[in-house]
Structures are given as C-alpha cells and as structure tokens.
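This note is addressed to a colleague who is new to the structure. The points below concern the contact between two chains and one pocket.

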Amino acid sequence: MAKITLKNLRHAYAPNPTPEDYVLKEIDLSWQDGGAYALLGPSGCGKSTLLNIISGLLTPSDGRILFDDRDVTDLPPDQRNIAQVFQFPVIYDTMTVRDNLAFPLRNRNVNETKIAERVAEIAEMLDVTEMLDIRASHLSPDNKQKISMGRGLVRDDVNVVMFDEPLTVIDPHLKWKLRSKLKELHQRVRATMIYVTHDQTEALTFADQVVVMQAGEIVQIGSPVDLFERPQHTFVGHFIGSPGMNILPATVENGRAIFEGQPVTLEGAVKGDGGRTEIGIRPEFVSLADDGVEARVRKVSDVGRHAIVESMVGDTPVKAMVEEAHLEQGALVHLAFKPDQTRLYRDGWISTEATP
Amino acid sequence: MKTENQKAWFFVLPVLLLVAFNALIPIMTVVNYSVQETFGNNVFFWQGLDWFEQILRSDRFQAALGRQFLFTFLILIIEVPLGIIIALSMPKKGFWVPVCLVLMALPMLIPWNVVGAMWNIFALPKVGMLGYFMNDVLGVNYDMTQDPLAAWITIIVMDVWHWTSLVVLLSYAGLVSIPDAYYQAAKIDGASPWKVFRYIQLPKMKTVLTIAILLRFMDSFNIYTEPFVLTGGGPGNSTTLLSIDLVKIALGQFDLGPAAAMSLIYFAITLLVSWLFYTLMTKDDAQ
C-alpha cells in the first residue's frame, strides 16, 4: 500500500503533440495511503487515460508518477504491484474460480500453501467460497466481476486497486449489492482504491474524496458534500446533482448580482472582475415564496417525493425543487434564492467569498 | 382438444423436394449400385454386401486409404500450427491489416485446377522455377514425375500454400475479437507470453479453430483436383489418394458396383472422423 503522487502529468496519444492534442493537461495530484477515491467525469474526459497511466499500461508524455517516494513512471504494470478491474469482467475462461484467483500468485512463484491460504481468505471475503471449483466461464456477470476483483486483492502487497467503471455490465439490482461489497472490502483491506466512473451516484457513495475531471483537467477535488454544496466550477455544479445546478447569466453592479433586471443576494463578497458572470444555485435551494424573482411556470414534473418546477425568468429557465406543487402552466410565481447557497461564477470559476 | 394443423407440410414441401433431388436420390442411386452387379443393358443382379467386403479386403483400397490418412494428417499437423503462428504475428490495426488480409486471401481465390496447373509448371525440372532452382542451382535431385518423395513434398507444399490462409483468417478473426482488457489484465497479473497464449488466446480461438480443423479435415480428406492435375496420382500409385482411386474405378474401369460401395465407405469414414473431431473438440463446453 502506498501514497500516490502525480507530478505535472500530461499525455497525448499523437507522437508530436500540439497543445490541443493533450487529452490530459497538467495533472498534479496526491492520494493518501488507504484512501477511497473516485475519478468522476463525462465520457472522454481523460479519466481512463489517467487510470491506465497509473497502472502502467500507458506511459505519459510528460510528468512523473510516484508510489510513496519511488518513481514508477518507467516500470511495466507487473512490477508496480497494482490491480485493475475493467469495465467488462476479465476472467480466464478455461480455469476454475480457484485457479483464476491463484493465477497472479502462481505467476509470481508464491508457494502453494501460501496461495491456498490467500485464495481461501479472498473467496470468503467475496462470498464465492462455494463456487471455487466451478469453471469461471459458467459464472454470472456479477460473480465474474467479483472474481476479477479477487484477482486484484489476492496479492497482499498490492499498492493500489483501480476500478474502471466496473459496474457497467452488471444488472441494476446487483449494482447496489456489489457497490456495498466494494465499500466493505475497502474497509477490510485498507488498500488505496481508485474508482473511475461517469455515474455520480457510484462516485459519491464509494469515495471519501472525489476528483472531478473535464476535458483533461481536474476541476475540483473534494468530499461528496463539498462537491454538492460548494462546486468550484459551474461544470461540477451542473454535472453533480439531479437535476444539476441552475446556472443563470447575470451582471454584477456595485458588488450586487442582477439577474434578468432583478437583484439577487449572494453568499458573500464578490471577488475579481470582468469575464462572463453567472449565478449558480441548486434547485434544492430555490423555493416558491410570496416575493422574490418573478417567473412564469413552464413545466411541473413530479419525481416522487419532490416536484420540480421549471419556470421562466425572462428567457432563462430556473428549476426549483419543492415538496408539492399544484401549479398551472403559465402561472406567475415568485422564486426565493437561499442567500448562503447562491454563488457567483466568473468564467465558470467560483468568485464569491464563502460565508464564514 | 388441440386441432392439428396439417398446413405446415405445404411449407416444408419445397425444401423436402430440393433435398430429395440433390442429396437423397443421388445417394440412394449409389446405394442401389453398391448392392448389385450389372453387365450392361440395364440388367442388374443382386449382390448383397459382396462389393463392400471386396473393397475393404483389397490391398489397393487399403493402400489408398493409408495414403489418404497420411496426407490429411500431414496437412493438419502443418497447416493448423502454421496458421495460428501467422495469425498471431499479423498486425492488429493500421495500414498493414488490409494488405495482409488480401495477401492471405489470394491463394484461396484461385480455382483448384489452376492451382494444380500452376504448381505443375512451377515444379517441373528444367521448365519451372522451383524445379530449375532445386536441380540446377542447389543440385538436389528433385523430380516429382519420377520420385514419389518429391511428388509428396510437392502436393503437401501446394496444399499448404493454397489452404493455410483459411486457418490464418479464422484464427485471426478469433484473435481480434479479444478485448484489450484481457491483455491488460494478463500484464497486471504478471502472465508470461506463453500463458497469455494458453489461457487467453487459445480459448478465445477455440470455436473458430474447431471450424478450421473440421473444414481442413473434410477438404483434405476429399481432395481430388489439385493432386490429380499435378501428378495424376503418380509416379506409379504413390500419390493416388482415395478420390483419385475412386474416379479410376468408377470412370476408368466403369466398375459401378465396387465404385459405389467404395463411395459409401469413403463417405462413412469422412462422416465418422468429422463427428469424432467435433465431439472431442467441443467436449469441454458441454460440462
């Protein structure tokens, strides 16, 4: 187990890259030993590339990777002592479950008594003990995925276990089970784990720290609560949450935000100036009130415990999440923005002081 | 009660007729010949299983059968591993993939008798490039019209040239269907190249290899045109394979009864060995 440090990491697949060719742009990151991390971002944001660089399947164009203080940038995957679980379960079809689990140890010439011990331990942890003598090709997808996880965990000297969207092919009702199994495994083995996904629920439930990526860059690193409550960038606000944050074009006059000609109170003092300014507020913190920003209801959707009211302020739609709403289309409403949850973004980045 | 609907027969009828005319009736004609003797004028005498006994006991048939098994065995033992090795060393992506595929497919596009004729000219001493090179440059005595060994080497090399591509293309199709994640996982698991072949590539190629081996078995076991054009079964009887011998008996000597009995034995052996191959190769999956 190790602390992982990425220094000035950049990567381009083209041989002589121009600045646009870089799929990873300047990644500087440090992951503590034993943590549970998630890499979250839309498809094509570079998260799988980053994962493959850490595992050694790819060599970065620039920058270094350190495990503790050891530079592993030029080491091949088998010498890095890492484990990786892929999107589609990888199992050795012709072997039994037992041989599958023993495979990484046998390749490293571990003695058979030790192998039997480790395999039994891992099988018990994954609840696959009774399947040990079955041919692995006969297993269901979720059990296959467990076996590929097991092959990663069976080595006790493993530095980091990486998951590359491991639940993609799993049935929805089993996803939840496997996810809690993962969380439980992390608590038991205390290995550093990195989980790559584009699914915010998976990322937020698994990780202590989530790294949000967009277009090859890290936009925010934080706990699930940080990401939800105080997104550093409009992208994070929009990407996390369902529905995402309202991003409303606004102007700033004398330190106050004006949205569609109506003043809006922000959480704190505005920093910087110039650029494109937008107000960001989550639908959870917009409510219907007696006074506030005037709006016309466009659509009300009932999502079970809540209703989402989409109303138009001028030409800008604003979503509000309310307990109950019996509103006609076109009705006039007043929207109240909770001041300490209303933030200003300048060119996408947050630019209000946090309320102390 | 369920009413039975007999209409379905009308839909099956065309296929039944087709199969009857192209398979059943010809085979029954052969069966008919195989148990009778004729001296012409459409007069037939019942012969029972005598022809079968005669064929099975004849040295000539046994020798041809032996040559046939030897030929097929050599073909499989050379073409299957060679095909796998070539498929493994072919590029997986990029500019060279279509080039390799076209080059591989070319020999298979040439008609069988043309292949025979090409190799005949190619291998003739004094005339062909191969014949000239062997005799006059290397100084090896190589003449397939005189020497049985040279004739055998030539028909084997010709078949390898003509049909290894089939094994290559099928194996290649199996190989490219393996997702990258398998190779990456194997790398992380620390598997050696041999283990990657043994536990990833070979199992993934198994289905297509089964088809390749079956096709190569049936084709090589029933081969006629190429060796016939190349050597005509000679020198002597040294390259007279079963089908060549069969044609000699049926059309050369016009012995319809023995030829029919031999056809049926030939057919039964092909069927039996194919079944054996298939059962053995798919046995693991059924478990």
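1. Contact here means heavy atoms within 4.5 Å. By that rule, 19 residues of chain B and 22 residues of chain A take part in the contact. The model is predicted, so local features need pLDDT of at least 70 and side-chain atom pairs count only at pLDDT 80 or more, whereas totals for chains, interfaces and linings use all residues. Residues are numbered from 1 along each chain as its sequence is written, chains are lettered from A in the order in which they are written, and side-chain values use heavy atoms, with hydrogens and water left out.

2. Between them, chain B and chain A bury about 1800 Å² (accessible area, 1.4 Å probe, lost on being put together and summed over both). Of this area, 57% is on carbon and sulfur atoms. On the chain B side, I188(B), D189(B) and Y199(B) lose the most area to chain A, together 38% of what that side buries.

3. Two salt bridges (a side-chain nitrogen of Lys or Arg within 4 Å of a carboxyl oxygen of Asp or Glu) are found across the interface of chain B and chain A. K204(B) and D93(A) meet through their side chains in a salt bridge, at 3.1 Å from N to O.

4. The second largest pocket (an open set of points on a 1 Å grid over the protein atoms alone, where a 1.4 Å probe fits, with protein on both sides within 12 Å along at least five of seven lines) is lined by 18 residues, each with an atom within 4 Å of a point. S48(A), N52(A), F86(A), Q87(A) and D164(A) lie nearest its centre.

Methods
Buried area = accessible area lost by both parts, 1.4 Å probe.
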